[in-house]
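Student: I would like to go through this chain with you, one question at a time. Can we start from the whole and work down to single residues?

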Amino acid sequence: MLYATPRTNALKQSGALFNSPWISGSAGYMGAVTSSTDIAAPDGSASPVSKVTITASSNLCVRQSGLSVAAGQQVVSAWMYVPSGQPGVSNFRFAVDWNDTDVGALNVYSTFDRWVRVISVATLTATRTQVDFD
């Protein structure tokens, strides 16, 4: 309702990565996904946020399958809170891919202890049934 043009949220549980149908796309690369109410969201609400614990330095992804997203330009906008205090971490990369084929823009960030809005734009070459947040 805040946008001049209509938007469609094709993802289920988009605010709760710890719920089905989200899964770890690469076994062994993502640790626990837990719920926390410690951090107020950008809209000021205290709704639970998902905390993803990284267990390896690459190939981390959270996947949702069972989608039916039409070919053409798709925009993914996500808010994430990036805490500091991770030993050896100086930046992080955010990317979105569709069915491991169509990849959106790769964004690298070095901002910590704040909410960061990240946007990925991809042109899907066919209807896609899964999306990965890498």
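**Surface, strands and core**

Tutor: This is a predicted model. The accessible surface of the chain comes to about 8,300 Å². Carbon and sulfur atoms hold 52% of that surface.

Student: How many helices and strands does the chain have?

Tutor: Read along the sequence, the pattern is β-β-β-β-β-β-β-β-β-β-β. The count is therefore 0 helices and 11 strands.

Student: What share of the residues is buried?

Tutor: The cut-off for buried is under 20% relative accessible area. The chain has 134 residues. Of these, the buried share is 28%.

Student: Among contacts between residues at least 6 apart in sequence, what share joins residues at least 24 apart?

Tutor: A contact here means heavy atoms within 4.5 Å. Take the contacts between residues at least 6 apart in sequence. Those that join residues at least 24 apart make up 66%.

Student: Which element gives the most residues to the largest nonpolar core?

Tutor: The largest nonpolar core has 19 residues. Inside it, Phe94, Val96, Trp98, Val131 and Phe133 have the most contacts. Two or more residues come from each of β5 (72-82), β6 (92-94), β7 (96-98), β10 (114-124) and β11 (131-133). The top contributor, with 4 residues, is β10.

Student: Which residues does Phe94 touch, leaving out those up to four places away in sequence?

Tutor: Phe94 is one of the core residues with the most contacts. In general, nonpolar side chains tend to be buried together in soluble globular proteins. Beyond four places in sequence, Phe94 touches Ala78, Met80, Ala105, Leu106, Asn107, Tyr109, Val118, Ser120, Phe133 and Asp134.

Student: Is Val62 buried or exposed?

Tutor: Val62 sits in strand β4 (residues 62-64). Its relative accessible area is 8%. Buried means under 20%, so Val62 is buried.

Student: What separates the C-alpha atoms of Val62 and Val96?

Tutor: Along the chain, Val62 and Val96 are 34 residues apart. In space, their C-alpha atoms are separated by 9.8 Å.

Student: Which residues make the nonpolar surface patch of about 230 Å²?

Tutor: One member lies in strand β5. That member has a relative accessible area of 53%, so it is exposed. The patch is made by Val75, Ile119 and Val121.

**Loops and salt bridges**

Student: What is the phi of Asp100?

Tutor: Asp100 is in the loop between β7 and β8 (102-103). Most residues other than glycine have a negative phi. Asp100 has a positive one, near 55°.

Student: Is Asp113 exposed or partly exposed?

Tutor: Asp113 lies in the loop between β9 (107-109) and β10. Its phi is positive too, near 55°. Exposed needs over 50%. At 47% relative accessibility, Asp113 is partly exposed.

Student: How many salt bridges are there?

Tutor: Side chains of opposite charge can pair when their charged atoms come close. The cut-off is a nitrogen within 4 Å of a carboxyl oxygen. By this rule, the count is 3.

Student: Asp100 forms a salt bridge with which residue?

Tutor: The closest N and O atoms of the pair are 3.5 Å apart. Asp100 lies in the loop between β7 and β8 and its partner in strand β4, so the pair ties together parts 37 residues apart in sequence. Asp100 is exposed, at 53%, whereas the partner is buried, at 16%. That partner is Arg63.

Student: How far apart in sequence are Asp132 and Arg63?

Tutor: Their side chains meet in a salt bridge, 2.6 Å from N to O. Both Asp132 and Arg63 are buried. Asp132 is in strand β11 and Arg63 in strand β4, a separation of 69 residues.

Student: Where do Asp102 and Arg128 lie?

Tutor: These two form a salt bridge, with the closest N and O atoms 2.8 Å apart. Asp102 is buried at 7% relative accessibility, and Arg128 is buried at 11%. The pair ties together parts 26 residues apart in sequence: Asp102 is in strand β8, Arg128 in the loop between β10 and β11.

Student: Which residues are joined into one network by salt bridges that share partners?

Tutor: Asp100 forms a salt bridge with Arg63. Asp132 also meets Arg63 in a salt bridge. The network joins Arg63, Asp100 and Asp132.

How values were computed
Residues are numbered from 1 along each chain as its sequence is written. This is a predicted model: local features need pLDDT of at least 70, side-chain atom pairs count only at pLDDT 80 or more; totals for chains, interfaces and linings use all residues. Side-chain values use heavy atoms; hydrogens and water are left out. A nonpolar core is a set of buried Ala, Val, Leu, Ile, Met, Phe, Trp, Tyr and Cys residues joined through side-chain atoms within 4.5 Å. Buried means under 20% relative accessible area, exposed over 50%, partly exposed in between (1.4 Å probe, protein chains only). Accessible areas come from the Shrake-Rupley method with a 1.4 Å probe; for residues, only the protein chains shown count as cover. Patches are made of residues with over 30% relative accessible area and no salt bridge: like charges are joined within 9 Å, nonpolar side chains (Val, Leu, Ile, Met, Phe, Trp, Tyr) within 5 Å.
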